[in-house]
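Let's take a walk through a protein chain together. Have the sequence and the 3D view open, and follow along at your own pace.

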Amino acid sequence: NIQTLRSGMMSRRCSSVVQAEEKAGFRMDDLDGFTNGYAVDEIRVEEVQGLDEKDEVRLVYSEICMELKNAAGERLHLSAYQDREGLEASSVPADQVRQFENITLEYRLHHYKFVPADYVRTEKDELWLQQPGNFMSYGSETVEENDVAFLNWEKEGICYLLMDSDGSEEAECLFSMAEELIRSGK
């Protein structure tokens with residue numbers, strides 16, 4: 001089982017989806033904008049390292065990452081990468097599953113506690129982490145808690161992730177955006 005580790009040092013900004021596709025080495029479905037007002041604000045290609053349980057690099061691949069923004073300033077994240085053997089979108093069961101044009105869309109809503117690097121877990125934290133959908137992430141400046149929504153799907157060997165990092169959008173919004181993106185690739 002392989003886990004991913006983003007390497008920010010290998011991030012390359014791009015001026016268009018076409019340029020990102022050239023740098024990443026694959027094509028993805030794309031839209032200029034979505035009917036709900038979200039449009040691409042920033043695009044980049046990141047090098048991602050797949051680590052095994054011993055934290056040894058087992059694979060390296062390119063991922064196209066887009067920051068989407070609407071007129072109200074709300075942000076979503078869309079990423080795509082070529083499917084790799086042994087690399088799972090998520091091992092956590094989906095909260096909602098839908099089929100659209102023979103493609104399985106999996107929605108998950110997780111609750112994250114972001115903590116500083118030197119944070120020491122308490123007994124209360126350990127109990128909280130045992131509850132499904134709760135996760136802890138190290139590296140923030142202060143302790144913060146936030147809902148994060150994920151929608152994953154795979155189409156023609158390309159894996160997609162649409163993420164709402166502040167949990168502000170309803171699941172239906174993410175499903176609708178995924179369906180628009182899937183239709184755009186025809």
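We'll begin with the whole chain and then zoom in on one strand and its partners.

First, keep in mind that what you're looking at is a predicted model. The protein chain has 186 residues, and 40% of them are buried. As for the outside, the accessible surface comes to about 10,600 Å², with carbon and sulfur atoms making up 45% of that.

Now for the building blocks. The protein chain contains nine strands and three helices. If you trace the sequence from start to end, you'll meet them in the order β-α-β-β-β-β-β-α-β-β-β-α. How much of the contact map comes from residues 24 or more positions apart? Counting contacts in the protein chain with a separation of 6 or more, such pairs account for 60%.

Time to zoom in on strand β9, which spans residues 158-164. Is β9 mostly covered or mostly open? It's mostly covered, with six of its seven residues buried.

Which strands pair with β9? One of them is β4 (residues 75-82), which runs antiparallel to β9 and is joined to it by six bridges. To spot this pairing in the 3D view, look for Y81, which stands opposite C159 in β9.

Another partner is β8, covering residues 144-155. Strands β8 and β9 also run antiparallel, and seven bridges join them. Here you can look for F150, which stands opposite M163 in β9. β8 and β9 form a hairpin with two residues between the strands. In that hairpin, E156 takes a positive phi near 50 degrees.

Technical notes. Residues numbered from 1 in each chain as written. Predicted model: local features only at pLDDT ≥ 70, side-chain atom pairs only at ≥ 80, totals over all residues. Heavy atoms only, no water. Helix = DSSP H or I, 4+ residues; strand = E, 2+ residues; numbered from the N terminus. Buried < 20%, exposed > 50% of the residue type's maximum accessible area, 1.4 Å probe, protein only. Contact = heavy atoms within 4.5 Å. Areas by Shrake-Rupley, 256 points an atom, 1.4 Å probe, with all protein chains shown as cover. Pairing = 2+ DSSP bridges.
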